[in-house]
Amino acid sequence: VAKSAGKGLLFLFSDTQIVKESFLEDINNVLNTGEVPNLFAPDEAEQVVSAMRAAAKAADKPETRDGIWQFFVQVIRESLHIVLAFSPVGEGFRARCRQ
């Protein structure tokens with residue numbers, strides 16, 4: 001997102017891409033909180049914090065690790081658009097809606 005020069009990003013997810021039902025839980029987490037728990041390994045999270053430090057400072061956000069991480073999540077929430085494309089035909093859609 002930081003490399004998209006302020007443009008939004010689209011994540012298109014269709015029912016044919018569901019390999020594991022846990023994918024839907026991850027999508028649900030993104031829609032509800034803007035995050036997927038344990039998506040980044042600790043060293044990757046530190047790289048994100050380091051990469052976002054200057055942008056967070058420019059936006060007058062706290063320069064703590066948590067402050068920078070929350071700024072990163074805010075940027076993702078504002079820039080990422082999720083499109084779910086599920087076919088209403090068949091039993092799969094009904095079963096997922098009931099869960």
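Here is a short tour of the chain as a whole, followed by a look at two of its residues.

This is a predicted model, in which local features need pLDDT of at least 70, side-chain atom pairs count only at pLDDT 80 or more, and totals for chains, interfaces and linings use all residues. Residues are numbered from 1 along each chain as its sequence is written, and side-chain values use heavy atoms, with hydrogens and water left out.

**The whole chain**

Following the sequence, you will meet the pattern β-α-α-α-β-α, made of 4 helices and 2 strands. Helices (H or I, at least four residues) and strands (E, at least two) are DSSP runs, numbered from the N terminus. The C-alpha trace spans about 50 × 25 × 20 Å along its principal axes. Of the 99 residues, 22% count as buried; buried means under 20% relative accessible area, exposed over 50%, and partly exposed in between (1.4 Å probe, protein chains only).

**Two residues**

| Residue | Element | Relative accessibility |
|---|---|---|
| Leucine 10 | strand E1 (residues 9-14) | 59%, exposed |
| Phenylalanine 23 | helix H1 (residues 22-33) | 30%, partly exposed |

Leucine 10 counts as exposed because its relative accessibility is 59%. What does phenylalanine 23 contact, leaving aside its neighbours within four places in sequence? Phenylalanine 23 touches Phe13, Gln17 and Ile18, where contact means heavy atoms within 4.5 Å. Phenylalanine 23 and phenylalanine 13 are 10 residues apart in sequence, and their C-alpha atoms are 9.9 Å apart in space.
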